[in-house]
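Me: Please take a close look at one part of this model, the largest nonpolar core, and describe what surrounds it.

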Amino acid sequence: MAGTMTTRETTPRRWFEMMPMNALRREMDDLFENFLGMPMTGLATKESLPRLDVAETENSVEVKTDIPGMKPEEVEIEVHENVLTIKGHREEEKKEGEAGKKFHRVERKSGSFARSVWLPCAVEETKVTAELKEGVLTINLPKLTTAKPCKVAIKS
């Protein structure tokens with residue numbers, strides 16, 4: 001059994017994701033991943049999506065994700081209506097016909113991914129910054145001034 005359970009993400013859902021069979025598939029994926037410790041490879045491709053850490057401070061929201069081996073020009077970040085979307089594409093390396101190599105296993109993934117997550121508060125979309133360092137993408141999203149808590153003094 002896996003030691004920790006993951007929680008379902010708060011990503012925006014499209015109409016086809018709400019269909020009963022897709023909901024059942026998501027539940028089965030969670031069952032296998034949370035209780036048996038193994039992802040359902042190839043069915044929902046959940047394992048191919050980058051995992052996110054979303055943290056909130058007084059002034060900003062910080063999102064971190066591991067995207068090893070990717071270059072900044074292979075990643076696209078978009079913030080629109082309180083939703084952060086990270087898209088990427090990794091080209092497949094040529095395997096067949098490489099001189100002197102006989103492949104016994106090929107597991108490294110290639111292709112496209114897209115990941116969206118609802119942000120916990122409104123952010124200044126024009127002031128978002130991102131840094132890719134040692135395979136870790138860090139996105140800093142400053143909060144809107146109106147989204148920051150304001151202390152109110154009580155008069156007596």
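Reply: The core comes after a note on the model and its confidence.

This is a predicted model, in which local features need pLDDT of at least 70 and side-chain atom pairs count only at pLDDT 80 or more, while totals for chains, interfaces and linings use all residues. Residues are numbered from 1 along each chain as its sequence is written, and side-chain values use heavy atoms, with hydrogens and water left out.

The protein chain has a mean pLDDT (the predictor's confidence in each residue, from 0 to 100) of 77, and 71% of its residues reach 70 or more. Residues 1–7 stay under 50, as do residues 38–45.

A nonpolar core is a set of buried Ala, Val, Leu, Ile, Met, Phe, Trp, Tyr and Cys residues joined through side-chain atoms within 4.5 Å; buried means under 20% relative accessible area (1.4 Å probe, protein chains only). The largest one has 17 residues, and Val61, Val63, Leu84, Ile86, Leu119, Ile139 and Leu141 touch the most other members. At least two residues each come from strands S2 (60–66), S3 (75–80), S4 (83–90), S5 (111–118) and S7 (136–142), strands being DSSP runs of E, at least two residues, numbered from the N terminus. S7 supplies the largest share, 3 residues.

Val61 has contacts (heavy atoms within 4.5 Å) with residues including Val54, Leu119, Cys121, Ile139 and Leu141, leaving aside residues up to four places away in sequence. Glu56 stands opposite Val61 of S2. S1 (residues 52–56) pairs with S2 in the antiparallel sense over 5 bridges, where pairing requires at least two DSSP bridges. A hairpin of 3 residues joins S1 to S2.

Note on methods:
Buried < 20%, exposed > 50% of the residue type's maximum accessible area, 1.4 Å probe, protein only. Helix = DSSP H or I, 4+ residues; strand = E, 2+ residues; numbered from the N terminus.
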